[in-house]
Amino acid sequence: MSCVQKQPKRSRSEEFLHHATAQKTIQISAKLLGMEGDPDLQFLLKGGDLLKVLSPSWKKTRFLRLQDDCKTMWRESKKTFKSCQTFPVADIQEVRMGRQSEGLKKNAEEQAECRCFSIVFKGRRKNLDLIASSEEESKQWIKSLQKLVSNVNNLNRMQTTEHWIFSCLRKADKNKDDKLSPSEVKSFLRLINIEMDDDYADMLFKKCDKSNSGYLDGEEIAHLYDLLTNREEIDVIYGEYAKTTGFMSADNLVGFLMKEQREKATLADAQKIIEKYEPDEQAKEKKLLSKDGFLMYLHNVEAMILNPEHSEVYQDMQQPLNHYFISSSHNTYLTEDQLKGPSSTEGYVRALLKGCRCVELDCWDGSDNEPVIYHGYTLTSKILFKDAIKAIKENAFKTSDYPVILSLENHCSLEQQVVMAQHMSSILGSALVTSPLGDNMPTNFPSPEELKGKFLIKGKRLQKLEATFANKAADADSVDVTEEEESNDESAEEEQKEKRKKKLKLAKELSDMVIYCKSVHFHSFKDARKTLSFYEMSSFKEGRAVKLADESANDYIRHNVEKLSRVYPAGSRTNSSNYDPVPLWNAGCQIVALNFQTGCKEMDVNQGRFVVNGNCGYVLKPSYMRDRSTEFDPITLTRGEWLKHKILHIMIISAQQLPKVNKKKSSIVDPLVRVQIFGVPADVAEKETSPVDNNGFNPAWNENFQFDVYVPDLALVRFVIEDYDSTSDNEFVGQYTLPFNSLKMGYRHVPLLNKNGDLLPSAGLFIHAMVLDEE
């Protein structure tokens, strides 16, 4: 009889919890992170004093250290009456060396450069700007924090879950005796988002208390963990294919991959999966996959709902620039509302790191001949134009190599326009496109591939680009323009005012930097075809754009085959809310600008649109939206190559480790799942499960839905989990959105994102998806 005829005595989770109660918290946490005995981890656990910087005069000493769970940073004031504060390591976006943050540039002396560093958080949380006592100490903090953040981010889903549950166990063990009393078990259940009535909790406790001692320790806690985390749905799927002495052989795995997951798989593929994910060395030697290994594989990014081939750049990037949807931000400098909120260079940093490729700069005259950026005629704060350009240069190509468009709203005097041009030239250097690619007058846009690492300026231009090649450059320093941005009043009277022309003085130095994105007023599609060159583009307020998309969709699509269009939110959206971008994408609009600082359904959909193609910020439009003679109309939906009727079957099976919406200990979520389809009007649909009472840890639904999708190229699928409330609006828990054509079939885990679009580390949804052609 082979030594692998039976499952290992303990699963990975049992081993983990068995040792968790016998060893110190730090040792277990360090082991999970792969940092046992690491000097950088020891440095963080010891901690030290740092200066926290808020203003030139506000610099206070704070003691910062890593807590024993190795996943939470703790800081406190030297004053005893000040309470301490904590933040999760998983919330750290990056650790920046030196005076790179806006706060440190303003508030720290230049000579302190080598001692400064910033902890930059995900979402909208303000940076933590710090100064160490020496350059050496600063480097040690930066190195140690960066290593810890990297290791935390590299934990797989199962490791993240183990780490989280272990932390909850330690928190529930009030007297730190490595045992759990009945009341501590109930506290633990609430911490992991399960509410049980007392009778059931008592029954569960007695079931685990094999020694009848009145408390749980060692393997009894492991048994409790196993009862709670055992996933019946995984048992059923695994059991169906584990036909080799209770294990999955490579042949069994090939059968699962081909039949259930609809993947082309070979024996070699299956063997690679076993080699990579099987934790039991004896099983691995026999090329067998245990249930733990099977679950680890299903948690792997490559086995999740998003086609892994689409997580890299996979589309043709050599088409003209206007043949792509382009991830775009409106009033990028604002971090809150449009009337009195702060302006910050961090707005540009965060948008660019999320893959945004078109950012907006509202430019006005500032003091000392330095242009500033802010939302004109409001109480929003101001930032220097040059600081914004520096922040853009430093962060433009960290997420994507493809071109960044700087959309200038120019309200500056001639003198300060020259300063703007000087700053862009000196800071952006050769990366700034200041002449057409090639020797002759272009007749079409260059491709994103040709523009890699480049900046394009969108703005006014004194004359046609053709004049440059015809040696007809004018000496004019002004041009008749119509203001395109931003009116708060959308009445007919205001529209008439907008049409009145006024003279704007435009500096030649700034004008000459506008090559492929010259801003012009839009009169009609007929006029645009007749009078505008390919590089002349218009900006549309959302109301007008939606009206055109609804009433003249095919004309709009044809217009966007030849030119670029930018759409921006109505001025009435003073709270920085967003409009639905989908109808504008359906009309072929490339630059659909949204308020990136606002977490909402519209931003979820935007993130879902651009999550593919390597999150590079460019997504190729379907071929029928790149054809000058196209008959495609998303409203009437006549027959054509775009009609590919698919039937989507979705089974919502279960969820795991959902976060609490209300942080009160007694608050437990009642989750429901909503599945939404976005796309052409005929495809828009929404269905939801029933809520599960008092269980955010491992709720199960097993509910089936069916959707008809007629234009899959433009469709997006959104999974959203909400906390059900019968008396008020449901509360958002997490969501994930992806293009229909990037959805993988079979049993898939769906990662969940929070309101800011950041990953919820241990939370997830488990579904089965199948796409069939209409018979």
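Which residue in strand 7 is the bridge partner of Leu51? Keep that in mind as you move through this predicted model.

**Stop 1: the whole chain**

Show the full chain as a cartoon. The chain holds 25 helices and 30 strands. Along its principal axes, the C-alpha trace spans about 95 × 70 × 55 Å. The radius of gyration is 29 Å, which agrees with the value near 28 Å for a compact globule of 775 residues. Colour by accessibility next: 57% of the 775 residues count as buried. Among contacts with a separation of 6 or more, 69% join residues 24 or more positions apart.

**Stop 2: the seven-stranded sheet**

Select residues 48-53, which form strand 1, and residues 128-131, which form strand 7. These two strands pair in the antiparallel sense, over two bridges. Now pick Leu51: its bridge partner in strand 7 is Ile131.

Widen the selection to the sheet around them. This is an open sheet of seven strands, in the order 4-3-2-1-7-6-5, with antiparallel pairing. Strand 4 (85-88) and strand 5 (92-97) stand at the edges. Each has a single partner strand, so one side of each is left without a neighbour in the sheet. Turn the view to follow the twist, which averages 30° from one strand to the next.

**Stop 3: helices on the sheet**

Add residues 39-46, which make up helix 3. Helix 3 packs on the sheet and touches strand 1 and strand 2 (59-66). Its direction makes about 130° with that of strand 2.

Then add helix 5, residues 135-153. Helix 5 lies across strands 1 and 2, strand 3 (72-77), strand 5 and strand 6 (116-121). It runs at about 20° to strand 6.

**Stop 4: Ser211**

Jump to Ser211. The unreviewed UniProt entry annotates this residue as a "glycosylation site". Ser211 sits in the loop between helix 8 (198-208) and helix 9 (219-229). Buried or exposed, or something in between? At 45% relative accessibility, Ser211 counts as partly exposed.

**Stop 5: helix 23**

Select residues 553-562 for helix 23, which is mostly covered. Seven of its ten residues are buried. Show their side chains: Ala553, Asn554, Tyr556, Ile557, His559, Asn560 and Val561.

What do these buried residues pack against? Three of the elements to colour are helices: helix 21 (525-531), helix 22 (542-551) and helix 24 (582-586). The others are strand 19 (536-541) and strand 20 (565-568).

**Stop 6: the annotated binding site**

Finish at Asp723, Tyr724 and Asp725, which the unreviewed UniProt entry covers with the annotation "binding site".

Take Asp723 to begin with. Asp723 belongs to strand 27 (residues 716-723). With 12% relative accessibility, Asp723 counts as buried, because the cut-off for buried is under 20%. Leaving aside neighbours within four places in sequence, Asp723 is in contact with Val661, Val669, Asp670, Asn730, Glu731 and Val733. Zoom in on Asp670: its backbone nitrogen lies 2.8 Å from a polar atom of the Asp723 side chain.

Now step to Tyr724. Tyr724 lies in the loop between strand 27 and strand 28 (731-739). At 34% relative accessibility, Tyr724 counts as partly exposed. Not counting residues up to four places away in sequence, Tyr724 touches Asp670, Leu672, Pro691 and Asn730. Select Asp670 and Asn730 together to end the tour: Asp723 contacts both, and Tyr724 touches both.

Key: Residues numbered from 1 in each chain as written. Predicted model: local features only at pLDDT ≥ 70, side-chain atom pairs only at ≥ 80, totals over all residues. Heavy atoms only, no water. Pairing = 2+ DSSP bridges. Helix = DSSP H or I, 4+ residues; strand = E, 2+ residues; numbered from the N terminus. Axes fitted to C-alpha atoms, helices over the stretch in contact; angles between N-to-C directions. Contact = heavy atoms within 4.5 Å. UniProt positions renumbered as here; feature names shortened; annotations may be inferred. Buried < 20%, exposed > 50% of the residue type's maximum accessible area, 1.4 Å probe, protein only. Polar contact = N/O pair within 3.5 Å; in protein donor to acceptor, adjacent residues only side chain to side chain. Rg over C-alpha atoms; globule rule 2.2 N^0.38 Å.
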